[in-house]
2 protein chains.
Amino acid sequence: MTETEERPYHHGSLRDALLSAAEETLREQGQDELSLRELARQVGVSHAAPRRHFRDRQALLDALAISGFERLGEQLRQSIAAAEDDFASRLRAAVGTFVRFATQDAALLELMFSTKHREGAEPVREAAGSAFEHLPQLIEQGQDEGAIAPSTSPQSGIVLLATVQGIATLINGGMVEAGMLDELTDRAVEQFLRGNRPD
Amino acid sequence: MTETEERPYHHGSLRDALLSAAEETLREQGQDELSLRELARQVGVSHAAPRRHFRDRQALLDALAISGFERLGEQLRQSIAAAEDDFASRLRAAVGTFVRFATQDAALLELMFSTKHREGAEPVREAAGSAFEHLPQLIEQGQDEGAIAPSTSPQSGIVLLATVQGIATLINGGMVEAGMLDELTDRAVEQFLRGNRPD
DNA sequence: ACCTGAACACCGTTCAAGT
DNA sequence: ACCTGAACACCGTTCAAGT
C-alpha cells in the first residue's frame, strides 16, 4: 500500500524507511520472510545500501526489537496514565496493554524476547528495561495502598510479567485457544493479587 | 564428536540421524544455523536425500519441536512419579523439571513455543497437549487434598504453565539474570498456592 | 557520507535419472 | 523405496568504485 509512491528517500531517511518496511513484513509474513535484499528492493535502493545503517541482518532484527520495546513502553505509560489512580486499576490497565500488544504483533513479541540477542545486544536489554521501568513503582504503590503485602518483592512483578508473556506465547503459538485470552489474563491478575495480599 | 565414525546409515535410519544431528546443532548453534544441506553433509548423504523424510525445512523444525515435547513429557512424568505423593511436592517437582528443561535447551524451547507452526502443524500442538496432559489431574489432586480451593479451574494450571514458560524465556533472552531462576520459580509456585488456597 | 554493481559462498527446493 | 547430481532462484556479506 505504501510501496511505489514518490520515493521520498534515496537520501534522507533510508534507515527509517527500512525499519518501517521491516516492521510491516515482520507483522504480515514473519521473521523468516524478512530479507535485507527484499527490503532494499521495496525501499528502492540497491541491496548493498542497507549496510550503511545495519551492519548485518541481526542488527536489523535488534533494531526492530528495540523499537518494539519503545513502542510497548510508550503504550504502557499511556495506559497507566489514563487509568484510575488506584493500584489495581493501573495494574489491570498495564497488563491488558501488554497482552494486547503481544497478541497483535506475535512475530514481533517473539523477536523481542528471543534468544538471539544474548551476547552483544546490550541495547535490546536496555530497551526492555526501559519499557518495564514503571513496574517497581507500581508494586510500591500497591504496597502503600495496602493492596498487596509490604513483603511483596519487586520480583513478584517479574513473575507477573513472565506470566503475561507466557500467556501471549501460548496463544500466539496456537497451544491455547485465542478466546481464552481475557479469562487467562484476568485470572493471572487475580492470582497475583490474592497470592500477595496482606496478612 | 559423533561425526565421521563408520556411517551406519546410508540406508537404515536417515530420518533419526538427521533429527539427532539437528538437535545437536540447534542446541549448540541455534535455529538460524540449522541448514538442511549442512545436516545432509554431516550425516553423509546428498543434499537432496533429506527430502524423502522432511518435505521442507519447516517439517524438520516441526519434528524437532514434537520430539522436544515428547522428551519434556517423559521428564515430567518421571519427576512426578519420583516425587513425594502429595500435591505440593509433585507440583514443585513438575515445575522444576520444566524450568530446567527450558533453560538447558533455550533454542529448543523457543522452537517448541514458536509462532511458526500456527497453521498446518496440528501434530506439534498434539504433542504439546500430551506433554502437559497430567496437569489437570494434578490440579484435581490438589483440590482433593484441600491444598487449593475447589473452585480452582484447570485454567489456573495453564496460567502457571505460562508463568514458567515466561520465566525461562526472560532468562534465556538475557532480560533477567540467570541466577534469579530458582527464586523466581519458587515465588511463582508460592504465589500460585497462595492465590488459589481454600477459604 | 551514501550508494552502486559485481562477485562469492551459501541456501532451499525441484526434478530427471540412477540403483 | 531411497538416493544422486544438476539446475534454479534466492540469500547475506564484502569490496572496489562511483557521486
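How many residues surround DNA strand D, and which are the closest? Select strand D: 22 residues surround it, and the closest are Arg37(A), Arg41(A), Arg51(A), Ser46(B) and His47(B). A residue counts as near a strand if one of its heavy atoms lies within 4 Å of it.

This is a predicted model, in which local features need pLDDT of at least 70, side-chain atom pairs count only at pLDDT 80 or more, and totals for chains, interfaces and linings use all residues. Residues are numbered from 1 along each chain as its sequence is written, chains are lettered from A and ligands numbered from 1 in the order in which they are written, and side-chain values use heavy atoms, with hydrogens and water left out.

**Stop 1: DNA strand D**

Keep strand D selected and show its atoms within 4 Å of the protein: 51% belong to sugar or phosphate, and the rest to bases. Next, pick out the polar contacts, meaning pairs of N or O atoms within 3.5 Å; within protein, one must be able to donate a hydrogen and the other to accept it, and residues adjacent in sequence count only if both atoms are side-chain atoms.

- Arg37(A): a polar side-chain atom is 2.5 Å from a base nitrogen of strand D.
- Ser35(A): a polar side-chain atom is 3.3 Å from a sugar or linking oxygen of strand D.
- Arg57(A): a polar backbone atom is 3.0 Å from a phosphate oxygen of strand D.

Now colour by secondary structure. Helices (H or I, at least four residues) and strands (E, at least two) are DSSP runs, numbered from the N terminus. The largest share of the surface near strand D comes from α2(A), with 4 residues. By class, this surface has 7 nonpolar, 7 polar and 8 charged residues. Here Ala, Val, Leu, Ile, Met, Phe, Trp, Tyr, Cys and Pro count as nonpolar, Asp, Glu, Lys and Arg as charged, and the others, Gly among them, as polar.

**Stop 2: DNA strand C**

Move the selection to strand C, which has 21 residues around it; Ser46(A), His47(A), Arg37(B), Arg41(B) and Arg51(B) come nearest. On the Arg37(B) side chain, a polar atom lies 2.5 Å from a base nitrogen of strand C. For Arg41(B), a polar side-chain atom is 2.8 Å from a phosphate oxygen of the strand. Ser46(A) uses a polar backbone atom, 2.4 Å from a phosphate oxygen of strand C. Helix α2 of chain B (residues 36–43) gives the most to this surface, with 3 residues. The surface near strand C has 7 nonpolar, 7 polar and 7 charged residues.

**Stop 3: the two chains**

Select chains A and B. A rotation of 180 degrees with 0.0 Å of shift along its axis superposes chain A on chain B, with RMSD 0.0 Å, by least squares on the C-alpha atoms of residues with pLDDT of at least 70 in both. The two copies are therefore related as by a two-fold rotation axis. Both use the same surface: 100% of the contact residues of chain A recur in chain B, contact meaning heavy atoms within 4.5 Å.

**Stop 4: α1 and α2 of chain A**

Finish with α1(A), residues 14–29, and α2(A), residues 36–43, whose axes come within 10 Å and cross at roughly 115 degrees. Axes are lines fitted to C-alpha atoms, for helices over the stretch in contact, and angles run from 0 to 180 degrees between N-to-C directions. Among the contact residues are Leu14(A), Leu18(A) and Thr25(A) of α1(A), and Leu39(A) and Val43(A) of α2(A). This contact has 8 nonpolar, 2 polar and no charged residues.
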